[in-house]
Amino acid sequence: MREQYRSEGFTEDTLDANPIQQFAHWFRQIAAGGMVYEPNAMVVSTATPDGRPSSRTVLLKKYDDRGFVFFTNYASRKGRELTANPYVSLLFPWHPLARQVIVTGTAARVAREETVAYFRTRPHGSQLGAWASEQSTVIGSRQELIDRYEELAARYPEGEHIPAPPEWGGFRVVPETIEFWQGHENRLHDRLRYVREGDGWRVERLCP
């Protein structure tokens with residue numbers, strides 16, 4: 001199973017000086033094209049302090065010059081690992097355009113006010129789900145999860161205010177490097193990586 005990528009050139013003179021703006025440019029292209037289901041889906045990779053890795057797909061909810069934000073249960077596996085070891089990698093796999101963006105950096109919890117403000121924008125069912133699921137813990141059956149959800153739905157009917165769970169909130173990943181990968185035929189891919197230097201960034205080209 002092998003594909004020959006045929007893509008337009010991706011060179012240093014086309015880059016934005018700010019990697020977040022470059023990410024925004026690619027993200028808008030991906031989102032507008034309709035070729036990627038959930039273009040904000042990213043693979044979040046964490047590790048325990050002794051180096052045992054784990055990965056999962058999470059939805060990006062916000063990005064700006066401060067970093068990339070996602071929300072989760074802080075008691076989940078990724079939440080516990082990030083609390084013990086803040087180093088993290090994000091991967092956006094935009095295969096239909098033969099593109100990837102890889103972010104490395106450190107994660108920190110967002111302010112509680114930011115979590116609460118975002119939680120209020122979630123659909124009613126998603127708010128209930130955040131309470132019903134003790135993420136990453138063992139559960140006896142799917143029915144047990146559904147029973148929890150239905151109990152919460154009866155307590156908080158549609159339109160009722162649902163508080164944000166205390167163990168649920170956001171992480172902001174502050175990037176140290178951001179790599180933009182564009183596939184080309186014969187494995188001659190473009191890999192341009194921004195590396196943080198003080199208050200600015202330098203760009204380096206990597207061999208594919």
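In this predicted model, the largest nonpolar core has 29 residues, and those with the most contacts inside it are F23, F68, L90, F92, W94 and V101. Two or more residues of this core come from each of the elements α1, β1 (41–47), β4, β5 (87–94), β6 (99–109), β7 and β8 (190–197), and the largest share, 5 residues, is given by α1. As a general background to such a grouping, nonpolar side chains tend to be buried together in soluble globular proteins.

**Overall architecture**

The chain contains 5 helices and 9 strands, and from the N terminus on its elements follow the order α-β-β-β-β-α-β-β-α-α-α-β-β-β. Along the principal axes, the C-alpha trace spans about 55 × 40 × 35 Å, and of the 208 residues in the chain, 41% are buried.

Two annotated spans can be set against this architecture. An unreviewed UniProt entry lists residues 38–152 as "domain: Pyridoxamine 5'-phosphate oxidase N-terminal"; in the model this span is 31% helix and 37% strand, and its end C-alpha atoms lie 28 Å apart. The annotation "domain: Pyridoxine 5'-phosphate oxidase dimerisation C-terminal", likewise from an unreviewed UniProt entry, covers residues 168–208, a span that is 0% helix and 71% strand, with its end C-alpha atoms 39 Å apart.

**The largest pocket**

The largest pocket holds about 420 Å³ of space, and its lining is made up of 17 residues, of which F71, T72, R122, Q135 and W168 lie nearest the centre. The elements that contribute two or more residues to this lining are β2 (53–59), β4 (67–73) and α4 (124–132), with α4 giving the largest share, 4 residues. By residue class, the lining divides into 6 nonpolar, 8 polar and 3 charged residues. Strand β4 therefore has a part in two settings, since it is among the elements that give two or more residues to the pocket lining, and it is also among those that give two or more to the largest nonpolar core.

**Salt bridges**

Side chains of opposite charge can pair when their charged atoms come close. The structure holds 13 salt bridges, and the table lists some of them with the distance between the N and O atoms.

| Pair | N to O distance |
|---|---|
| R205 and E12 | 2.9 Å |
| R52 and D50 | 3.8 Å |
| R77 and E81 | 2.9 Å |

The pair R205 and E12 links distant parts of the chain, given that R205 sits in strand β9 (residues 200–205) and E12 in the segment before α1 (19–33), with their positions 193 residues apart in the sequence. R205 counts as partly exposed because its relative accessibility is 39%, and E12 counts as partly exposed because its relative accessibility is also 39%.

The pair R77 and E81 belongs to a single element: these residues are 4 residues apart in helix α2 (residues 77–84), which means that about one helical turn separates them. Which partner of this pair is buried, R77 or E81? With 7% relative accessibility, E81 counts as buried, whereas R77, at 39%, counts as partly exposed. Elsewhere, R193, E197, R202 and E204 are joined into one network by salt bridges that share partners. For the pair R52 and D50, by contrast with the buried E81, both residues are exposed.

**Individual loop residues**

Most residues other than glycine have a negative phi. Against that background, E38 has a positive phi, near 55°, and A98 also has a positive phi near 55°. E38 is placed in the loop between α1 and β1, and A98 in the loop between β5 and β6. Their surroundings can be set side by side: E38 is partly exposed, with a relative accessible area of 36%, while A98 counts as buried because its relative accessibility is 7%, and buried means under 20%.

A further loop residue is E160, which lies between α5 (142–155) and β7 (168–182) and counts as partly exposed at 43% relative accessibility. From C-alpha to C-alpha, E160 is 14 Å from W131 in space, and the two are 29 residues apart in sequence.

Key
Residues are numbered from 1 along each chain as its sequence is written. This is a predicted model: local features need pLDDT of at least 70, side-chain atom pairs count only at pLDDT 80 or more; totals for chains, interfaces and linings use all residues. Side-chain values use heavy atoms; hydrogens and water are left out. On a 1 Å grid over the protein atoms alone, a cavity is a set of points where a 1.4 Å probe fits but cannot get out, and a pocket is an open set with protein on both sides within 12 Å along at least five of seven lines; lining residues have an atom within 4 Å of a point. Grid points are joined across faces, edges and corners, and a volume is the space filled by probe spheres set on the points. Ala, Val, Leu, Ile, Met, Phe, Trp, Tyr, Cys and Pro count as nonpolar, Asp, Glu, Lys and Arg as charged, and the others, Gly among them, as polar. UniProt positions are given in the numbering used here, feature names are shortened, and annotations may be inferred rather than shown by experiment. A salt bridge is a side-chain nitrogen of Lys or Arg within 4 Å of a carboxyl oxygen of Asp or Glu. Buried means under 20% relative accessible area, exposed over 50%, partly exposed in between (1.4 Å probe, protein chains only). A nonpolar core is a set of buried Ala, Val, Leu, Ile, Met, Phe, Trp, Tyr and Cys residues joined through side-chain atoms within 4.5 Å.
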